[in-house]
Amino acid sequence: MSETNSFPSQHPWDRNFFLLMISFAWLALLSGFINDAFLLSAAGRFHFPWVVHLHALVYWGWVVLFTAQLLYIRKNQFQLHKKLGMAGVAMAVMVVIMGIATALITEHVKFGTQYSDPAFVSVMLGDMLVFTGLAASGLYFRKNPSAHKRLMLLSTLILTDAGFGRGLSVWLASLMGKPYWEYSNFFDGFWPFVVRQLSCPFTLILFVGIYDLITRRRLHPAYVLGVLWALSIDVTAGYLYFNDNWLKIATKLIGH
């Protein structure tokens, strides 16, 4: 995937747009996790396995790193951006490792309680698969600025579902009636699932496409493929969530 004259690599608005998008991500994450911490504290449930704390450290480390990379580009500090990119590779690997470990361990600990939901492992592992594909592609196309920055932005925006899922998405899903996990099959629970799990992060992702249509009059191929990758994995994860065979597999994956 090489740069072409059909898709300009730079636009005067890019500097502010990409900073605005990561600002939205920070807002979604902070508001969601602060709200969740307040609710859990009030309910006396603000205690987690050790893996959750390590996962949070790595997760927020990725967001801080991505923000720093944007700021380095804004200041034309390209050498620092490249050097920090090596740390980005290691951090991306850690995000995936800790994301998978957290998914399995937390569901193992909750198993048999009222909060147990082994099938949800499909959603958490799906998030890690989406992130892996987007981040790996972004790093691979690091010499293609327009593809690189869109893929890396998408990989970060897809992680905002963790924040939205503890804040805005909860409210939006309440408008749909009963939550998706109370439905017995994928087709009945599809739209409640989409609203709760996908609507908010994919709205941010949609903004990226709209921005490119306004400034370039076209979508970047990397953006299109990235969105198709994310949607296909997330919808598949939703289908698996309602699948009885997957529930059996997930239960074994978490050690029960």
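Here is a short chat about a predicted model, from its core out to its surface and its salt bridges.

Reader: Let's start inside: which helix gives the most to the largest nonpolar core?

Author: That core has 63 residues, and those with the most contacts inside it are Phe-131, Leu-157 and Ile-205. Ten residues of the core come from a helix that covers residues 186-216, and no element gives more. The helix is α8.

Reader: Phe-131 sounds well connected, so which tryptophan is it in contact with, leaving aside neighbours within four places in sequence?

Author: Phe-131 is among the residues with the most contacts inside the largest nonpolar core. Setting its sequence neighbours aside, Phe-131 is in contact with Ala-92, Val-95, Val-96, Ala-136, Ser-155 and Leu-159, and with one tryptophan as well. That tryptophan is Trp-62.

Reader: What about α5: how many of its 13 residues are buried?

Author: Helix α5 takes in residues 145-157 and reaches 18 Å from its first C-alpha to its last, close to the 18 Å expected. The helix is mostly covered, and its buried residues include charged types such as Lys-149 and Arg-150 alongside Leu-151, Met-152 and Leu-153. The count of buried residues in α5 is twelve.

Reader: Is Ser-122 buried or exposed?

Author: Ser-122 sits in helix α4, residues 121-140. Beyond residues up to four places away in sequence, Ser-122 touches Ala-237, Leu-240, Tyr-241 and Trp-246. Its relative accessibility is 5%, and the cut-off is under 20%, so Ser-122 counts as buried.

Reader: Now the outside: which element gives the largest share of the nonpolar patch?

Author: The patch is formed on the surface by Trp-13, Leu-20, Phe-24, Leu-27, Leu-206, Phe-207, Ile-210 and Ile-214, with about 760 Å² of accessible area together. Two elements give two or more residues to it, α1 (14-42) and α8. The largest share is four residues, and it comes from α8.

Reader: Take one of the patch residues, Leu-20: what is its relative accessible area?

Author: Leu-20 belongs to the nonpolar patch and has its place in helix α1. It counts as partly exposed, because its relative accessible area falls between the 20% and 50% cut-offs. The value is 42%.

Reader: Any odd backbone angles? What is phi of Asn-76 near?

Author: Asn-76 lies in the loop between α2 (50-74) and α3 (78-110). At 53% relative accessibility, Asn-76 counts as exposed. Its phi is positive, in a residue other than glycine, and is near 60 degrees.

Reader: And Arg-217, where is its place?

Author: Arg-217 is not a glycine, yet it has a positive phi of about 65 degrees. Arg-217 is exposed, with a relative accessible area of 69%. Its place is in the loop between α8 and α9 (221-241).

Reader: On to the charges: which residue forms a salt bridge with Arg-166?

Author: The structure holds six salt bridges. In the one formed by Arg-166, the closest N and O atoms are 3.3 Å apart. This pair links distant parts of the chain, 130 residues apart, with Arg-166 in the loop between α6 (161-164) and α7 (168-174) and its partner in helix α1. The partner, partly exposed at 21% relative accessibility, is Asp-36.

Reader: Why are Lys-110 and Glu-107 separated by about one helical turn?

Author: Lys-110 and Glu-107 form a salt bridge, with the closest N and O atoms 3.1 Å apart. Lys-110 is partly exposed at 28% relative accessibility, whereas Glu-107 is buried at 1%. They are about one helical turn apart because they are three residues apart in helix α3.

Reader: Last one: which residues are linked with Asp-212 and Arg-216 in a network of salt bridges?

Author: Asp-212 and Arg-216 meet in a salt bridge of 3.8 Å, N to O, and both lie in helix α8, four residues apart. Asp-212 counts as buried at 0% relative accessibility, and Arg-216 counts as buried at 3%. The other residues in their network are Asp-14, Lys-149 and Arg-150.

How values were computed:
Residues are numbered from 1 along each chain as its sequence is written. This is a predicted model: local features need pLDDT of at least 70, side-chain atom pairs count only at pLDDT 80 or more; totals for chains, interfaces and linings use all residues. Side-chain values use heavy atoms; hydrogens and water are left out. A nonpolar core is a set of buried Ala, Val, Leu, Ile, Met, Phe, Trp, Tyr and Cys residues joined through side-chain atoms within 4.5 Å. Buried means under 20% relative accessible area, exposed over 50%, partly exposed in between (1.4 Å probe, protein chains only). Contact means heavy atoms within 4.5 Å. Patches are made of residues with over 30% relative accessible area and no salt bridge: like charges are joined within 9 Å, nonpolar side chains (Val, Leu, Ile, Met, Phe, Trp, Tyr) within 5 Å. Accessible areas come from the Shrake-Rupley method with a 1.4 Å probe; for residues, only the protein chains shown count as cover. A salt bridge is a side-chain nitrogen of Lys or Arg within 4 Å of a carboxyl oxygen of Asp or Glu. The expected span of a helix is 1.5 Å times one less than its number of residues.
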